[in-house]
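Me: I am new to this structure and would love a close look at one part of it. Could you walk me through it slowly, in plain words?

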Amino acid sequence: MNIADVDLRLLRVFMTIVRSGGFTQAQAVLNLSQSTISNHVKSLEARLGVRLCDRGRTGFRLTREGRRIFEAAERLLHSIEAFRTEALALKGELAGEIRIGIVDSTIGDQSSPIVRTLSRFVALGPDIRPYLTISDPPSLGMEVARDGLDVAIGVFPSPIASLTRQPFYDEPQGFYCGEGHPFFDRPEAVTIEEIRAAPVISRSYWQLADLERLEMHEFGAMANTMEAALALILTGGFVGFLPNHLADPFERRGALRRLLSERLSYDANIVVISRKGHEKQPLLQAFLECCAAENRARATAAR
C-alpha cells in the first residue's frame, strides 16, 4: 500500500486513542466528540483494510493488527519528526518532538537535577515538544532499546549492548521499616543479623542487589517501583531500601524509621541512556548536553 494513501492525521488520532487507553479518555486530549473520534477510526480502518480495535461495553482493546499498525505508525511519525528536526537544525533551529523517559518517584526530590535539566532544555527553542513518560527502570530500558523512547533517566544496573549511558547524579538510599513493624518502637539498636531474619523487600530492577548488600539469598516481597517498595514498607510487615528523599516525609511524621544508617546507606547511580548511533540527532544531542551541563554545575557547586 502506498503510504500516501494513509491520512497522517487519522494515524495521529488512532495513536492518541491507544496512548490514552480508549475513546472516552482521548476526547479531552483531542478536543473531539466521541462520535467524531469513532468516525476517524472507521475511516482509518477502511483505508487500511483491517480492524484496529474492539470497542463497546467490554471496553477498548487493540486487535493484533491494530497493535502492529500502532507500532508501525510510531516508527513512521517518529521518522517524519526526525526529518523535520534535521532539516530545521541545518538552519540552526531546534524543534520537534523528543521522547523522554524518567524513572518513577524522582521529580519530588529537591536535590535532583531532572527538572532543572528539562528547564534548560526547553529554553533552547519554543518549538521543542517533549513527550514525557514516567515508568519503572526495566520498562524504560526496553523502550529505549526498541526505539520507543529517545532517551531515559534512571537506574540501569545491567548495561545493554545497544545503548550508551552517561552519568547524571547520585540518589542517596537508606534502609527502613514502617510503623507497626517489630523493629519500629524498639529502644535498642537493631542488628544486621535481625534484619537478615526479617522479610526484606527486593526491588526487581536492582536484580537482587538489595539482598546482596545484606548478604541474603531470599526475599519476603518483590517491588518493581520505588513507590511499590514504599507501600509495602508502610504496611509494617517488611523492611527494605528506599531513596531518602522518598522516605523523609514519612519519617518526619513518624510512619517510617531508618535502620543502621551508617552501615546500610549507599548512593544509587542515576544515568542517562540512549541508543548507540543516535547521539548526533540534534534534539537528543542537545538534551544530552543539557544533562552533562547540569551534572557539571552540580559538581562545581559541591566543591
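Which strands are included in what covers the buried residues of helix H6?

Reply: Happy to help! The cover of the buried residues of H6 includes strand S3 (96-103), strand S4 (128-135), strand S5 (151-154), strand S6 (163-178) and strand S11 (266-275). Contact here means heavy atoms within 4.5 Å. Helices and strands are DSSP runs numbered from the N terminus, with at least four residues (H or I) for a helix and at least two (E) for a strand.

Before going on, a word about the model. It is a predicted one, in which local features need pLDDT of at least 70 and side-chain atom pairs count only at pLDDT 80 or more, while totals for chains, interfaces and linings use all residues. Residues are numbered from 1 along each chain as its sequence is written, and side-chain values use heavy atoms, with hydrogens and water left out.

Now to H6 itself. This helix spans residues 137-145, and its buried residues are Pro137, Leu140, Gly141 and Val144. They cover an arc of only 95° around the axis, and therefore lie on the same side of H6; the arc is taken from the directions that lead from the helix axis to the C-beta atoms. A general point helps here: an α-helix has 3.6 residues a turn, so residues three or four places apart point the same way. Buried means under 20% relative accessible area, exposed means over 50%, and partly exposed is in between (1.4 Å probe, protein chains only).

Let us look at both ends of this helix. Ahead of it, aspartate 136 sits in the loop between S4 and H6. Aspartate 136 is buried, because its relative accessible area is 13%. Setting aside neighbours within four places in sequence, aspartate 136 is in contact with Asp104, Asn224 and Thr225. Phenylalanine 70 is 66 residues from aspartate 136 in sequence, and the two are 22 Å apart in space, C-alpha to C-alpha. After H6 comes aspartate 147, which has a positive phi, near 70°.

S3, one of the covering strands, leads on to another loop. Threonine 106 lies in the loop between S3 and H5. With a relative accessible area of 0%, threonine 106 is buried. Apart from residues up to four places away in sequence, threonine 106 touches Ser112, Ile114, Tyr169, Glu171, Met226 and His245.

That brings us to helix H5. H5 (residues 114-122) packs with helix H11 (residues 282-302) at an angle of about 130°, and their axes are 9 Å apart. Axes are lines fitted to C-alpha atoms, for helices over the stretch in contact, and angles run from 0 to 180 degrees between N-to-C directions. H5 and H11 are therefore oblique to each other; angles under 35 degrees count as roughly parallel, over 145 as roughly antiparallel, 65 to 115 as roughly perpendicular, and the rest as oblique. On the H5 side, the contact is made by Arg116, Thr117, Leu118, Arg120 and Phe121, and among their partners in H11 are Leu283, Phe287 and Glu294. Sorted by class, the contact of H5 with H11 has nine nonpolar, one polar and four charged residues. Ala, Val, Leu, Ile, Met, Phe, Trp, Tyr, Cys and Pro count as nonpolar, Asp, Glu, Lys and Arg as charged, and the others, Gly among them, as polar.
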